[in-house]
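Here's a quick briefing to read with the model open beside you. It goes through the pocket, the ligand, the cysteines and a few backbone oddities.

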Amino acid sequence: MNYHVLTLFPDMIQDGLNTSIIGRAMAKGILSLEAVNIRDYAFNKHQKVDDYPYGGGAGMVMQAEPVYLAYEAVCQKIQGKPRVIYLTPQGRVFNQDMAREFAMEEDLIFLCGHYEGIDERVLEEIVTDQVSIGDYVLTGGELPSMVMIDAISRMVPGVLSNEESGQTESFAGNLLEYPQYSRPEEWHGKKVPPVLLSGHHANVEKWRREQSILRTAMYRPDLLEEADISEKEKAWLSQNLKLEGDS
Ligand code: ADE
């Protein structure tokens with residue numbers, strides 16, 4: 001997977017993504033990241049990339065041509081026309097299924113806007129996917145593109161070790177993670193659930209599955225409608241939700 005990020009803040013992208021699991025995958029050559037500075041494609045001597053909006057109003061608009069030239073430079077380099085993701089609160093809200101789908105691409109271009117947005121004409125011409133990371137407004141597309149790159153990269157084969165990819169499966173069934181514990185066995189008077197110390201693998205798995213279902217029902221009931229749970233588990237859940245409610 002090769003990411004190409006068109007941005008006015010290339011350092012933010014490079015610095016934000018070269019650590020931890022994503023940094024390790026880049027060092028191994030499973031992922032590559034190129035932050036393209038849109039300012040390098042400004043066509044005036046002041047390297048200006050924005051101008052006043054036609055029709056008036058507050059703020060500045062990123063001009064079409066530098067964005068287009070930066071996009072063309074990437075296409076030339078890779079000899080292809082990859083999907084172009086424009087980060088905007090107007091877009092489709094990003095989720096795990098989208099991360100999985102984007103992970104199947106070989107190249108992806110992320111277009112990060114700033115100021116009051118980008119000239120609509122270049123968006124019409126190059127953007128294939130408009131994506132939002134949630135219903136709030138950020139100052140630019142850099143953080144959203146980093147969020148997306150992190151989530152997509154986890155889905156690229158070889159990025160996570162076998163041990164780490166087990167973690168991914170739980171969201172696949174639309175369920176939240178079960179709680180985790182490590183040493184010591186007792187901390188601030190709170191004991192680790194005894195089943196986890198039993199060494200009984202099947203019981204541990206059963207307990208974790210039940211905890212995932214219970215947590216999803218308590219914290220994200222909206223996810224439960226799409227969750228992959230059996231009739232028996234549903235019955236177990238309604239019983240236990242009643243118990244939670246009573247306590
Ligand atoms: N740009 C500004 N806010 C955004 C958001 N919530 N998602 C994606 N891009 C954005």
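Sort the lining of the largest pocket by class and you get 13 nonpolar, 11 polar and two charged residues. Bear in mind that this is a predicted model. The pocket comes first below, then the ligand, and after that the cysteines and the backbone.

**The largest pocket**

- The volume of the largest pocket comes out at about 480 Å³.
- There are 26 lining residues, and those closest to the pocket centre are Tyr86, Leu87, Thr88, Pro89 and Gly117.
- Three elements each give two or more residues to this lining: strand β5 (83-93), helix α5 (120-126) and strand β7 (129-132).
- Strand β5 supplies the largest share, with five residues.

**Around the ligand**

- Looking for the ligand's surroundings? Start with Leu87, Thr88 and Pro89, then go on to Val131, Ser132, Ile133 and Gly134. The rest of the set is Tyr136, Val137, Leu138, Gly140 and Pro144.
- Leu87, Thr88 and Pro89 turn up in this set, and these three are also among the residues closest to the centre of the largest pocket.
- On the polar side, a backbone N or O atom of threonine 88 sits 3.2 Å from a ligand nitrogen.
- Glycine 134 also has a backbone N or O atom facing a nitrogen of the ligand, here at 3.1 Å.
- For leucine 138, the distance from a polar backbone atom to a ligand nitrogen is 3.0 Å.

**Cysteines**

- Don't go hunting for disulfides: searching the whole structure turns up zero.
- Take cysteine 75, whose closest cysteine sulfur is the one in cysteine 112, 16 Å away; a disulfide needs the two sulfurs within 2.5 Å, so this is too far for a bond.
- Seen from the other end, cysteine 112 has its closest cysteine sulfur in cysteine 75, again at 16 Å and too far for a bond.
- Cysteine 75 is buried, at a relative accessible area of 9%, and cysteine 112 is buried too, at 1%.

**A buried valine in α3**

- Valine 67 belongs to helix α3, which spans residues 64-78.
- With a relative accessibility of 1%, valine 67 counts as buried, because the cut-off for that is under 20%.
- Valine 67 and phenylalanine 110 are 43 residues apart along the chain, yet their C-alpha atoms are separated by 11 Å.

**Backbone oddities**

- As background, most peptide bonds are trans, and most residues other than glycine have a negative phi. The next few points go the other way.
- Between arginine 183 and proline 184 the peptide bond is cis, with omega near 5°.
- Proline 184 is in the loop that runs between α7 (162-172) and β8 (186-187).
- Asparagine 174 is found in that loop between α7 and β8 as well, and has a positive phi of about 60° despite not being a glycine.
- How buried or exposed is asparagine 174? Its relative accessibility is 19%, so asparagine 174 counts as buried, with the limit set at under 20%.
- Tyrosine 115, not a glycine either, shows a positive phi of about 55°.
- You'll find tyrosine 115 in the loop between β6 (107-111) and α5, where this residue is partly exposed at 39% relative accessibility.

Methods. Residues are numbered from 1 along each chain as its sequence is written. This is a predicted model: local features need pLDDT of at least 70, side-chain atom pairs count only at pLDDT 80 or more; totals for chains, interfaces and linings use all residues. Side-chain values use heavy atoms; hydrogens and water are left out. Buried means under 20% relative accessible area, exposed over 50%, partly exposed in between (1.4 Å probe, protein chains only). On a 1 Å grid over the protein atoms alone, a cavity is a set of points where a 1.4 Å probe fits but cannot get out, and a pocket is an open set with protein on both sides within 12 Å along at least five of seven lines; lining residues have an atom within 4 Å of a point. Grid points are joined across faces, edges and corners, and a volume is the space filled by probe spheres set on the points. Helices (H or I, at least four residues) and strands (E, at least two) are DSSP runs, numbered from the N terminus. Ala, Val, Leu, Ile, Met, Phe, Trp, Tyr, Cys and Pro count as nonpolar, Asp, Glu, Lys and Arg as charged, and the others, Gly among them, as polar. A residue is near a molecule or strand if one of its heavy atoms lies within 4 Å of it. A polar contact is a pair of N or O atoms within 3.5 Å; within protein, one must be able to donate a hydrogen and the other to accept it, and residues adjacent in sequence count only if both atoms are side-chain atoms.
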